[in-house]
Amino acid sequence: MAQDGAVPNPTREHRIILRYADLPGYTPDIDCYLQHGGYQQLRKALAMDPAAIVAEVKASGLRGRGGAGFPTGTKWGFIDHAKNRKPVYLLCNADESEPGTFKDRQILYKDPHQLIEGMIISSFANHAHLAYIYIRGEMARGARILERALAEARAKNFLGANILGSGYDLDIFVFRGAGAYICGEETGLIESLEGKRAYPRIKPPYFPAALGLYLCPTIVNNVETLCNVKHIVEMGGAAYAKIGTPNNTGTRIWCVSGDVCRPGYFEYDGGAITMGELLYDVCGGIRNGNRLKALIPGGSSAKVLRAGEVYRIRRKNAAGAMEEVEMRLEDLPLDFDTIAASGSMSGSGGIIVMDHTRDMVECLDNLSAFYAHESCGQCTPCREGALWMRKVLDRMTGGQGRPEDPQLLLDLAGQIAGRTICAFGEACSWPVESFVAKFREEFESKAVAKEEQGRLQATH
Amino acid sequence: MVAPEQPLLPGEEVLGPEFERKAEEIIGQYPASRRSASLPLLHLWQEEFGFLSERAVEWISTKLGLKPIHILELVTFYPMLHVRPSGRINFKVCRTLSCALAGSHELFAQIRARCGATVAAGHGIYVSPDGSYSVEFVECLAACGSAPAMMVDEEEFERATIDTVERILAESREKEAAQGA
Ligand SMILES: Cc1cc2nc3c(=O)[nH]c(=O)nc-3n(C[C@H](O)[C@H](O)[C@H](O)COP(=O)(O)O)c2cc1C
Ligand code: SF4
Ligand code: FES
């Protein structure tokens, strides 16, 4: 049971978003949701002024859970409702395709009404009358669950015209992607929803809050982010802000996969648990009695961290003054800021663990195959560079490495990041830069031709 | 074009009223732009007929008042859209890191061997010579914590093994036997 994180860790875990999802007997039906207090926050929100809800979300300090950690209230504040004359759209990013991330799927499949309630409140707060859930195409089952849940919500007038007699109208529809990772990037998502190839738009000017869906103001938020809004309305922004640490408020769902004994997803207050505690106490340590070699802390685009590393972290101490402390990888408290200070990012919360038997060139080759496949192809540096890096890595794992390869990889990665339309450019070069820099010796030893065939790519 | 002069499939020349009704319902969900219904209609067609023929591109573009290229460019961009039928049972195995660490590449090889999926059908899809089975790699399926992840048609499987595959094959044989009887 605990294998997939289905049972909350009784000691430390603090489940808000996943509070009911794994409860025995809890179903995605609306009746079950209502029995557990569902849609009470919607009633509360509809009695509030939309601007007051935005103010609560700002006060809560909520940061987006989709990857970049942008403050949600600030994003919502970009739309000037006094001036705006166009329709506003709210889009839920349920594309969840960042390797290592598997939290949103749990929410969608097990507690869809929590998301729907969060979306209705968020739509109301942003004056949106039409919202879409962009769900990745592979989750056909999730799309069916959501459609059923939306029909249930409509039947009870939580959706539709004049919701609960408030005079507010809203509908939400499900839109299925079709297998392209770039649809998770917010402007790619918008293009896809407009019936086009998911080519990201250049920002500026295409910040969704100004020029989003059909060039109207649009809010794009992640599944977990939108669920949090419901709880902010419930407890109030100030109370929510007390959970976790300043700038890392609320809980976060961490997904752990790879070489640990008990992989799974776990919800903790911001900064309440360290990397070491999560890996060793919660996930049972490294599997097969092996040792930790490296981990990627925030989905596959995040820079890799190496076992034994020590980081100099600048942070505010209790008195509010800045201090610099030394921390080992295991001591890093899990939050946005500390992981960023370690030189990586907490991104989407997906932690991928590699044990000491793993070949880092092969692991990177695997990830590079992903990026080479998923580049949308608009920008030459990304399209050509991602494929080129993959070819070099394939060659190295195939035993045909050349002495210049490690440097070639670094040069290629350096030519992509910062030169592209969207952040995919960084996403595909950060793993390469960090793997080569931190495991230089392995890349150098593979940079000499020898008969070898990668284990992770043996059949590809 | 999609594929040279494909014959219509049975039923494809007459799209039943139910199909038309579903299509209209989908279009109704995008009041600001019919074009937004492109991908949903492609999904609808593929669910009904298994793959997207030239006729699909024509029909959808006419329905939405678009040029065929607007639909065709989606077909060639999105990996889930197919212009050829895949096997009667299609295995999608996750190839990305967490699953690879848990042996998904070995599983892929086992499925290929078990199903005799030896014919490379482009885009990394392998099909058995009689067209019964196909196997393909897909990217991370958002089930990395219970790797390896696999999909069979639209059903998701976690911690998949060759035993899972055997069970699925046995079940499908039973179903067919029952239908044949
Ligand atoms: C290449 C790329 C892929 C992304 N994939 C996802 C995704 O699958 N899910 C997601 O919520 N955000 C994803 N994002 C982030 C979104 O662009 C966007 O920042 C996010 O949906 C905003 O929501 P939030 O503010 O609630 O985090 C991706 C970004 C990039 C650059
Ligand atoms: S960076 Fe890559 S994924 Fe992003 S727009 Fe350019 S080519 Fe497409
Ligand atoms: S890596 Fe296979 S499901 Fe994520």
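## A buried glutamate, two ligands and two sheets

In this predicted model, the backbone nitrogen of A:Ile17 lies 2.8 Å from a polar atom of the side chain of A:Glu267. Such a pair is a polar contact, which here is a pair of N or O atoms within 3.5 Å; within protein, one atom must be able to donate a hydrogen and the other to accept it, and residues adjacent in sequence count only if both atoms are side-chain atoms. Because the model is predicted, local features need pLDDT of at least 70 and side-chain atom pairs count only at pLDDT 80 or more, while totals for chains, interfaces and linings use all residues; side-chain values use heavy atoms, with hydrogens and water left out. Residues are numbered from 1 along each chain as its sequence is written, and chains are lettered from A and ligands numbered from 1 in the order in which they are written.

The confidence itself is given by pLDDT, the predictor's value for each residue from 0 to 100. For chain A the mean pLDDT is 95, and 95% of its residues reach 70 or more. Over residues 1-8 of chain A, however, the pLDDT is below 50, although this stretch has 25 contacts in the model beyond near neighbours in sequence, where contact means heavy atoms within 4.5 Å.

### Three residues of chain A

A:Glu267 is found in strand β8 (residues 264-269) of chain A; helices (H or I, at least four residues) and strands (E, at least two) are DSSP runs, numbered from the N terminus. A:Glu267 counts as buried because its relative accessible area is 0%, buried meaning under 20%, exposed over 50% and partly exposed in between (1.4 Å probe, protein chains only). Not counting residues up to four places away in sequence, A:Glu267 touches nine residues by name: A:Glu13, A:His14, A:Arg15, A:Ile16, A:Ile17, A:Leu18, A:Thr251, A:Arg252 and A:Ile253. With A:Thr251, the side chain of A:Glu267 also makes a polar contact of 2.7 Å.

A:His231 sits in helix α9 (residues 223-235) of chain A and is buried as well, because its relative accessibility is 6%. Apart from neighbours within four places in sequence, the contacts of A:His231 are A:Ile16, A:Ile17, A:Gln114 and A:Gly236.

A:Arg287 lies in the loop between α11 (275-282) and β9 (292-296) of chain A. Its side chain is joined to that of A:Asp259 by a polar contact of 2.9 Å, and the side chain of A:Arg287 also reaches the backbone oxygen of B:Leu101 at 3.4 Å. The residues in contact with A:Arg287, again leaving aside sequence neighbours within four places, include A:Asp355, A:Arg358 and B:Ala102.

### The two ligands

Which residues come nearest to ligand 1? Of the 17 residues around this ligand, they are A:Gly66, A:Lys75, A:Asn93, A:Asn222 and A:Thr225, a residue being near if one of its heavy atoms lies within 4 Å. Some of the polar atom pairs are listed here.

| Atom of ligand 1 | Polar partner atom | Distance |
|---|---|---|
| oxygen | side chain of A:Asn93 | 2.9 Å |
| oxygen | backbone of A:Ser97 | 3.4 Å |
| nitrogen | backbone of A:Gly184 | 3.2 Å |

Ligand 2 is surrounded by 13 residues, the closest being A:Cys376, A:Cys379, A:Cys382, A:Thr420 and A:Cys422. This shell divides into eight nonpolar, five polar and no charged residues, where Ala, Val, Leu, Ile, Met, Phe, Trp, Tyr, Cys and Pro count as nonpolar, Asp, Glu, Lys and Arg as charged, and the others, Gly among them, as polar.

### Strands and sheets

In chain A, an open sheet of five strands has the order β8-β7-β13-β9-β10, with mixed pairing; two strands pair if DSSP finds at least two bridges between them. The edge strands, each pairing on one side only, are β8 and β10 (305-306) of chain A. β9(A) and β10(A) run antiparallel and are joined by two bridges, with A:Leu295 opposite A:Leu305.

In chain B, strand β4 (residues 133-138) is mostly covered, as six of its six residues are buried. B:Tyr133, B:Val135 and B:Phe137 point one way, whereas B:Ser134, B:Glu136 and B:Val138 point the other way. In a regular strand the side chains alternate between the two faces of the sheet.

Strand β1 (residues 89-94) of chain B runs parallel to β4(B), joined by six bridges, and B:Asn90 has B:Ser134 as its bridge partner. Strand β3 (residues 126-127) of chain B instead pairs with β4(B) in the antiparallel sense over two bridges, B:Tyr126 standing opposite B:Val135. β3(B) and β4(B) form a hairpin with five residues between them, and in the turn B:Gly131 has a positive phi of about 80 degrees.
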